[in-house]
Amino acid sequence: MKNLLVTGGCGFIGSNFIRYLFTEAEFNGAVVNVDKLTYAANPQSLADIERVFGARYRLYPLDICDRDKLAQLFAETQIDAVCHFAAESHVDRSIAWPDDFIQANIIGTYNLLEISRQTKGQVELFHHVSTDEVFGSLGREGYFTEETPYRPNSPYSASKAASDHIVRAYFKTYGLPVTISNCSNNYGPYQFPEKLIPLMIINALEGKPLPVYGDGKNVRDWLYVRDHCAAIWRIMRNGRRGETYNIGGRSEMENITVVEMIAGLVDELAGSRSKPRRELITYVTDRPGHDRRYAIDSTKIETELGWKPEESFASGLQKTVEWYLSNAAWVNSVRTGEYQEWIRRHYG
Ligand code: NAD
Ligand code: DAU
């Protein structure tokens, strides 16, 4: 896997993955980053990586729905493996605007698979990054395993489920070497502040309301993003082709607990206000079709590939709050929309 095509590499997990490859993994190859540069993308997240590893890193601003341009890229560039992150990723947006999700997540994945298949063996591995949301919602008991039937509930999770099935079909029907991972909720540096954790950190800092959906007792299984990146790389190197691996943090938390922890950490690290920030918590109307509980059984990746998360939720959350506090330039650029101006200036 000398030449790796990473899709969605300017997003949250994709940029952390590219950073992980260059700075922590035993990776000596080159990365081609294909990204449409949507609102969720920020090429500046990789500015330092580009500076230091520029000879081995290249960004192609490209929509994976544009099959002709993708095919041209594959024809002109040696691609040994694909790690596919690119997707519309926010559940609330999928409820408001499902169209983009169907296009990017289903058609985009299909295009990549089809072009990879047509390379006739050049692509040694297609790794598809997916989500635990494809399994639907759990009650109080039980965990998602790799055998859990798919029951997606939102346009986002349904589009990811569809893409998982197409990836699997390309393995079964055409023998394209694939691996799939279904991961729980990630958090950490460079996450766009529409998702729960960065939104709450930034609102807490600015003294704005902390909007908690419904009764706040929905449960998510949190995983620090670096641990997810390490798991993906392990699957790509050692995972069995055609297999799916669940990845989770064994770190279940109710949303309200997460928000209270963030409010407390911001009080501690950013200096207190006249009132504790937990008083900013505001219960708001619930998300339609809101899944109650996600929890991953990650026994397979732990026993087969020896992966385990290194970060606990407490240590990961502290690192994350510290990161947002000490990266005000990144936060401001995203908050003010300056990053979009920068993209327009550099990429048209
Ligand atoms: P993100 O929204 O932060 O980033 C997505 C990236 O994909 C952006 O850079 C965007 O520009 C790019 N993109 C979107 N549509 C594109 C298109 N048509 N062509 C090319 N690029 C396009 O998302 P994320 O949170 O980093 O998630 C990355 C992947 O991981 C997604 O596939 C998501 O389903 C999956 N995932 C995310 C989580 C999580 O907690 N964030 C958990 C499990 C799995
Ligand atoms: O489980 C993996 C998934 O995790 C990924 O596939 C998705 O791409 C990612 O966005 C995430 O989905 P969620 O919907 O779980 O993440 P989000 O951060 O939007 O919400 C987390 C929980 O917090 C969820 O129960 C809804 C709630 N929430 C969210 C926001 C933005 C609030 O209570 N208030 C909020 O303002």
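Which strands does helix α8 (residues 225-238) lie across, and at about what angle to β5 does the helix run? In this predicted model, helix α8 lies across β1 (3-7), β4 (81-84), β5, β6 and β11, and its direction is at about 145 degrees to that of β5.

The strands named here belong to an open sheet of seven strands, which follow one another in the order β3-β2-β1-β4-β5-β6-β11 with parallel pairing. The edge positions are taken by β3 (57-61) and β11 (244-247), each of which has a single partner strand, so that one side of each is left without a neighbour in the sheet. From one strand to the next, the twist averages 20 degrees. Within this arrangement, strand β5 (residues 125-131) runs parallel to strand β6 (residues 178-183), and the two are joined by six bridges; Thr 131 stands opposite Cys 183 in β6. Helix α6 (residues 155-174) also packs on the sheet, where it touches β5 and β6, and its direction makes about 155 degrees with that of β5.

The surroundings of ligand 1 comprise 28 residues, of which Ile 13, Asp 35, Ser 89, Tyr 156 and Lys 160 come nearest. Polar atoms approach the oxygen atoms of this ligand from both side chains and backbone: an N or O atom in the side chain of Lys 160 is 2.6 Å from an oxygen atom of ligand 1, a polar side-chain atom of Thr 38 lies 3.1 Å from an oxygen atom of the ligand, and a polar backbone atom of Ala 87 is 3.5 Å from an oxygen atom of ligand 1. Of the 840 Å² of accessible area that ligand 1 has on its own, the protein covers 96%. Two or more residues of the shell are given by each of α1 (12-23), β5 and α6, and the largest share, three residues, comes from β5. Divided by class, the shell around ligand 1 holds 15 nonpolar, nine polar and four charged residues.

Around ligand 2 there are 24 residues, and those that come nearest are Thr 131, Asp 132, Tyr 156, Arg 287 and His 290. Tyr 156 is thus listed among the nearest residues for ligand 2 and also for ligand 1, while Thr 131, which faces Cys 183 of β6 in the sheet, is one of those nearest to ligand 2. Polar atoms of the protein again approach oxygen atoms of the ligand: an N or O atom in the side chain of Asn 185 is 2.7 Å from an oxygen atom of ligand 2, a backbone N or O atom of Leu 196 lies 2.8 Å from an oxygen atom of ligand 2, and for a polar side-chain atom of Asn 255 the distance to an oxygen atom of the ligand is 2.9 Å. The protein covers 94% of the 690 Å² of accessible area that ligand 2 has on its own. At least two residues of this shell are supplied by α7 (196-206), and at least two by β8 (210-213). The shell around ligand 2 is made up of ten nonpolar, eight polar and six charged residues.

Note on methods. Residues are numbered from 1 along each chain as its sequence is written. Chains are lettered from A and ligands numbered from 1 in the order in which they are written. This is a predicted model: local features need pLDDT of at least 70, side-chain atom pairs count only at pLDDT 80 or more; totals for chains, interfaces and linings use all residues. Side-chain values use heavy atoms; hydrogens and water are left out. A residue is near a molecule or strand if one of its heavy atoms lies within 4 Å of it. A polar contact is a pair of N or O atoms within 3.5 Å; within protein, one must be able to donate a hydrogen and the other to accept it, and residues adjacent in sequence count only if both atoms are side-chain atoms. Accessible areas come from the Shrake-Rupley method with a 1.4 Å probe; for residues, only the protein chains shown count as cover. Helices (H or I, at least four residues) and strands (E, at least two) are DSSP runs, numbered from the N terminus. Ala, Val, Leu, Ile, Met, Phe, Trp, Tyr, Cys and Pro count as nonpolar, Asp, Glu, Lys and Arg as charged, and the others, Gly among them, as polar. Two strands pair if DSSP finds at least two bridges between them. Axes are lines fitted to C-alpha atoms, for helices over the stretch in contact, and angles run from 0 to 180 degrees between N-to-C directions. Contact means heavy atoms within 4.5 Å.
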